[in-house]
Amino acid sequence: MISRHLKIAFLFCGVLALGACQTTQEVILSKKSALEMRSMQSRVYDTDDQPKVYRAVLAVMLDLGYAITSVDPEAGVVSGNKLAKLDLTASVAARGQEQSVVRANAVVQTAPNLAPMQVDAPEFYQQRFFEPLSEALFLEAIDEELSAEEKEKLSGAPEVQENLEQE
């Protein structure tokens, strides 16, 4: 016969084993190396103005349709999700004296009962985040370099409208 203490020990072990079978929502990581992931998720910009880059990251995420879920300007981190299936987190940090590095990380929920999967397609990061970000930063740089007179001409000032009407 099995003793009462032994039965309790087996019951306790069974409860622990069943508890261990419970699934948790952990991200399924990519099969790519950390170096490959960092390479596709990071871009360096030739500016030491991290607040400007951070604002551009935030603006681009909004333009791309992300609902912003978390912002931490002091840490340079912004997070958002899109269609409740795609989560994107981007961080901005200084790199040396004259550069800023932006790193983006995306995970996608493929099915309600499955763990989110790490996005590991370089095309996703390039085409759906870094190209729009580079364009935004480029346009900001051009805007900063334009003189007030040039800005007035580009904004459709009366003199420009008159010239257009005469042609």
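So, Lys 52: buried or exposed? It's buried, with a relative accessible area of just 9%, and since the cut-off for buried is under 20%, Lys 52 makes the cut. Keep in mind that this is a predicted model. Lys 52 sits in helix H3. And what is Lys 52 in contact with, once we leave aside its neighbours within four places in sequence? Thr 47, Leu 137, Glu 140 and Glu 144.

Okay, from one buried lysine to the nonpolar core. In soluble globular proteins, nonpolar side chains tend to be buried together. Here, the largest nonpolar core has 25 residues. The ones with the most contacts inside that core are Val 57, Val 102, Tyr 125, Phe 129, Phe 130 and Leu 133. Which elements give two or more residues to this core? Those are helix H2, residues 34–41; helix H3, residues 50–63; strand S4; strand S5, residues 99–108; and helix H4, residues 122–145.

Let me pick out Phe 130. Again leaving aside neighbours within four places in sequence, Phe 130 is in contact with Met 40, Gln 41, Ser 42, Arg 43 and Tyr 45, and also with Val 102, Ala 104 and Tyr 125.

Now the strands. S2, residues 67–72, pairs with S3, residues 77–82, in the antiparallel sense, and there are five bridges. S3 in turn pairs with S4, residues 86–95, also antiparallel, over six bridges. If you want to trace this on the structure, try Asn 81. In S3, Asn 81 is the bridge partner of Ala 67, and over in S4 the partner of Asn 81 is Asp 87.

Next, the turns. S2 and S3 make a hairpin with four residues between them, and Gly 76 in that turn has a positive phi of about 75°. The hairpin of S3 and S4 has three residues between the strands.

What's the phi of Leu 83 in that second hairpin? It's positive, near 55°, although Leu 83 is not a glycine. Ala 84 does this too: its phi is near 55°, a positive value in a residue other than glycine. For background, most residues other than glycine have a negative phi.

And are these two loop residues buried or exposed? Leu 83 lies in the loop between S3 and S4, and at 75% relative accessibility it counts as exposed, because the cut-off is over 50%. Ala 84 is found in the loop between S3 and S4, and at 67% relative accessibility Ala 84 counts as exposed as well.

Note on methods
Residues are numbered from 1 along each chain as its sequence is written. This is a predicted model: local features need pLDDT of at least 70, side-chain atom pairs count only at pLDDT 80 or more; totals for chains, interfaces and linings use all residues. Side-chain values use heavy atoms; hydrogens and water are left out. Two strands pair if DSSP finds at least two bridges between them. Buried means under 20% relative accessible area, exposed over 50%, partly exposed in between (1.4 Å probe, protein chains only). A nonpolar core is a set of buried Ala, Val, Leu, Ile, Met, Phe, Trp, Tyr and Cys residues joined through side-chain atoms within 4.5 Å. Contact means heavy atoms within 4.5 Å.
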